[in-house]
Amino acid sequence: MTTKYSVLMSIYFKENPNHFEECLNSILKQTILPDEIVLVKDGELTEELDKVIEEFKLKIREINLIIIQNEKNMGLGQSLNKGITYCKHELIARVDTDDINYEMRMQKQLEIFKTYPEIDICGTYIEEFITDSANVVSIRRVPTFNEDIKKKSKKKNPLNHMSVMFKKSKVLAAGNYEDVSYFEDYYLWLKMLSKGFIFYNIPEVLVSARLNEDFYSRRGGYQYLKKEFKFQKKIYNEGFSSLLTYISNVLIRCSVRLLPQQILKKLYIGLGRN
């Protein structure tokens, strides 16, 4: 089994140093360690975050840490677009800097690529927690097989971004990540699916994703509504959705953004358990 893979991460100054350190430690606990970690510093970081990085360097021996410095904050899409070009391995695991990865995550994904070489991207279920990893508030289940993933993608993001491992060549062939605020990953998946690339989700929780206190507020309100509408219009204009799907998504998804925060929270958690 090919065990060489890269980890791709992006961090900016608002990240919590303790959460970042916990995430890095979860990478070091993997049953199959990455050969390299590509970390994009999206603008200048705080002293505390830089300290975590320096201390992490002292912990690693066989892992090559590649640090890319953006002169200014460019956003997740552009940072990942740049970072992926520095990854030397075909298989790349995406990791969010405040999440916790199960020890078997990478091994199980590598096994999928070995057993089914036709697969181009592999995600997993995730659990979401608030404050403490024991305080799980929802499980984000996603469809398992390619055809179901394609159907799901018409209405909703069919992958949990922080859980995916993908083939670098296929991501680049689809045009890489782009600057599509809040929807960088979803847009990439649509481009990859349109090219016939094969998706798969392991029906198992392999990542614990942290929900910040402002998570629900950031997914509601007029600003998010504008971004949602802009994205739905974009994917319709580019042929990724039909007119009927476009109208349905605008009416349902955009209206949800105006719901009161407490209702949005209950709705989000409820849908997450489906």
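## Surface and overall composition

The accessible surface of the protein amounts to about 13,100 Å², and carbon and sulfur atoms contribute 52% of it. The model is predicted. Of the 274 residues in the protein, 53% are buried.

The secondary structure consists of eleven helices and nine strands. Among contacts with a separation of 6 or more, 78% join residues 24 or more positions apart. The structure contains zero disulfides. Two of its cysteines may be noted here: Cys23 is buried, with a relative accessible area of 0%, and Cys87 is likewise buried, at 1% relative accessibility.

## Nonpolar cores

In soluble globular proteins, nonpolar side chains tend to be buried together. In this model, the largest nonpolar core has 32 residues, and the members that touch the most others are Tyr5, Val7, Met9, Phe20, Ile37 and Met165. Two or more residues of this core come from each of β1 (6-11), α1 (17-28), β2 (36-41), α2 (47-59), β4 (91-94), α4 (105-115) and β9 (199-210). A second, separate core comprises 23 residues, including Leu8, Val38, Leu193 and Phe199.

Which residues does Ile37 touch, if those up to four places away in sequence are not counted? The contacts of Ile37 are Val7, Met9, Ile27, Phe56, Ile63, Asn64, Leu65 and Ile66. Val7 and Met9 are themselves among the core members that touch the most others.

## Helix α1 and its covered side

Helix α1 has twelve residues, for which 1.5 Å a residue gives an expected span of 16 Å; the C-alpha atoms at its ends are 17 Å apart, in agreement with that value. Its buried residues are Phe20, Cys23, Leu24, Ser26 and Ile27. These residues lie on the same side of α1, because they cover an arc of only 155 degrees around the axis. An α-helix has 3.6 residues a turn, so residues three or four places apart point the same way. The elements covering the buried residues of α1 include β1, β2, α2 and β5 (100-101).

Ser26 is a polar member of this helix. Is Ser26 buried or exposed? With a relative accessibility of 3%, Ser26 counts as buried, because the cut-off for that class is under 20%. Not counting residues up to four places away in sequence, Ser26 touches Asp99, Ile100 and Asn101.

## Glu55 in helix α2

Glu55 belongs to helix α2 and counts as partly exposed, at 35% relative accessibility. Glu55 and Glu21 are separated by 34 residues in sequence, and their C-alpha atoms are 9.3 Å apart in space.

## Helix α4

The buried residues of α4 are Arg105, Met106, Gln107, Gln109, Leu110, Ile112 and Phe113. They pack against β1, β4, β5, β6 (121-129), β8 (165-167) and β9. Helix α4 is also one of the elements that give two or more residues to the largest core.

## Helix α7 and the loop before it

Helix α7 (residues 184-194) is largely enclosed by the rest of the structure, because ten of its eleven residues are buried. These are Glu184, Asp185, Tyr186, Tyr187, Leu188, Trp189, Leu190, Lys191, Met192 and Leu193. Leu193 is also one of the residues of the second core. Just after α7, Gly196 adopts a positive phi of about 85 degrees.

The loop between α6 (168-173) and α7 contains Asn176, and Tyr182 lies in the loop between α6 and α7 as well. Asn176 has a phi near 65 degrees, a positive value in a residue other than glycine. Tyr182 also has a positive phi, of about 80 degrees, although it is not a glycine. What is the relative accessibility of each residue? Asn176 counts as buried, at 5% relative accessibility, whereas Tyr182 counts as partly exposed, at 41%.

Definitions and conventions
Residues numbered from 1 in each chain as written. Predicted model: local features only at pLDDT ≥ 70, side-chain atom pairs only at ≥ 80, totals over all residues. Heavy atoms only, no water. Core = buried A, V, L, I, M, F, W, Y, C linked by side-chain atoms within 4.5 Å. Buried < 20%, exposed > 50% of the residue type's maximum accessible area, 1.4 Å probe, protein only. Helix = DSSP H or I, 4+ residues; strand = E, 2+ residues; numbered from the N terminus. Contact = heavy atoms within 4.5 Å. Areas by Shrake-Rupley, 256 points an atom, 1.4 Å probe, with all protein chains shown as cover. Disulfide = S-S within 2.5 Å. Expected span 1.5 Å × (residues − 1). Arc of directions from axis to C-beta.
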